[in-house]
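Colleague: Could you take a close look at one part of this chain for me? I am new to this, so please explain the terms as you go.

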Amino acid sequence: MDTYMQLDIYGEQSALDSVKAELLRLDSLLSTTEPQSDIYRLNQNHSAEVDESTAELIKKSLEYCADTDGSLDITVYPLAEKWGFIDKNYTIPKQSELDSLLKNVSYKRVETDGTKITVPDGFKLDLGATAKGYAADRAKALLEESGVKSAILNLGGTVLAYGEKPDGESWRVGITNPESTDGYMGVIECRDKIVVTSGSYERYFVGDDGKRYCHIINPRTGLPADNGTVSVTVVSDDGTKNDALSTALFVMGAQKAAEYCRANDGFDCVILTEDKTAYVTEGLADSFSLTGDGEYEKVII
């Protein structure tokens, strides 16, 4: 999943071993670059029988693509490749190149039949916007089976705050300060929640034009999202949902994202903008606090 992960589990070693094994299994299935993975085979052959976990995640991801009216789209891989976010050979494509690639971007063209997945020629899937959230859900299920009462898993920006701290206190999950990524601009206190953040500061490059381009692609334009939003954090007990929405809400931009949050329930979020405003849903009004690092203004939406 192209990230570092840290697992802290208070319990039997076997619980840690089973979670680690499951994370490695999912990585081997969902990788876009590993030749033996389900996704790689699908992208090469345009049709493949895949593992049940892969099929389940694709189907869930497509539901969130539809629910967010395409702000999330798991077929943007050709665009990410062209911009260089896969091999880190960064480039700014010509508009004609983007127009051509956009013809191969539409989640509506993905067909599912049990564990058989089919995409048209020229299409490629990328589950990077939902894989870590799904991994957190699977880890949570394994922890429940093991009887563990306390664990904190950081899956590269996707944090599973399982149960409570061993001392009975709530977990404190920091939201990175976009301007100084070794510090935090705010903290969320929570128990039994999954906290997922997508930000423009995570992966980006500065082009020859001096402009910064982030890795989150707008599926409608083919361009990296550039709407004044710098990060979106989503909180609920459903990691796949959080991961999907953190990307979709980022693409929407703060105003449309706030409208989506007000129209839908079952999750909370914190949206950070370039003008240093932290838009916070009512469900986090008391559990989210600013640290003073970055001087953000907290606004309840």
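Modeller: Happy to help; here is a walk from the whole chain to one helix pair. This is a predicted model, in which local features need pLDDT of at least 70, side-chain atom pairs count only at pLDDT 80 or more, and totals for chains, interfaces and linings use all residues. Residues are numbered from 1 along each chain as its sequence is written, and side-chain values use heavy atoms, with hydrogens and water left out.

The chain has eight helices and 16 strands (DSSP runs, H or I of at least four residues for helices and E of at least two for strands, numbered from the N terminus). Of its 301 residues, 53% are buried, meaning under 20% relative accessible area with a 1.4 Å probe, protein chains only.

Now for the pair. Helix H1 covers residues 13-30 and helix H6 covers residues 131-146; their axes come within 10 Å and cross at roughly 150°. Such axes are lines fitted to C-alpha atoms over the stretch in contact, with angles from 0 to 180 degrees between N-to-C directions. H1 and H6 are therefore roughly antiparallel (an angle over 145 degrees).

Which residues meet? From H1 come Ala15, Ser18, Val19, Glu22, Leu23, Leu26 and Leu30, and from H6 come Ala131, Tyr134, Ala135, Arg138, Ala139, Leu142, Leu143 and Ser146; contact means heavy atoms within 4.5 Å. These residues divide into 11 nonpolar, two polar and two charged (Ala, Val, Leu, Ile, Met, Phe, Trp, Tyr, Cys and Pro count as nonpolar, Asp, Glu, Lys and Arg as charged, and the others, Gly among them, as polar).

Back at the level of the chain, residues 24 or more positions apart account for 59% of the contacts with a separation of 6 or more.

Conventions. Angles under 35 degrees count as roughly parallel, over 145 as roughly antiparallel, 65 to 115 as roughly perpendicular and the rest as oblique. Buried means under 20% relative accessible area, exposed over 50%, partly exposed in between (1.4 Å probe, protein chains only).
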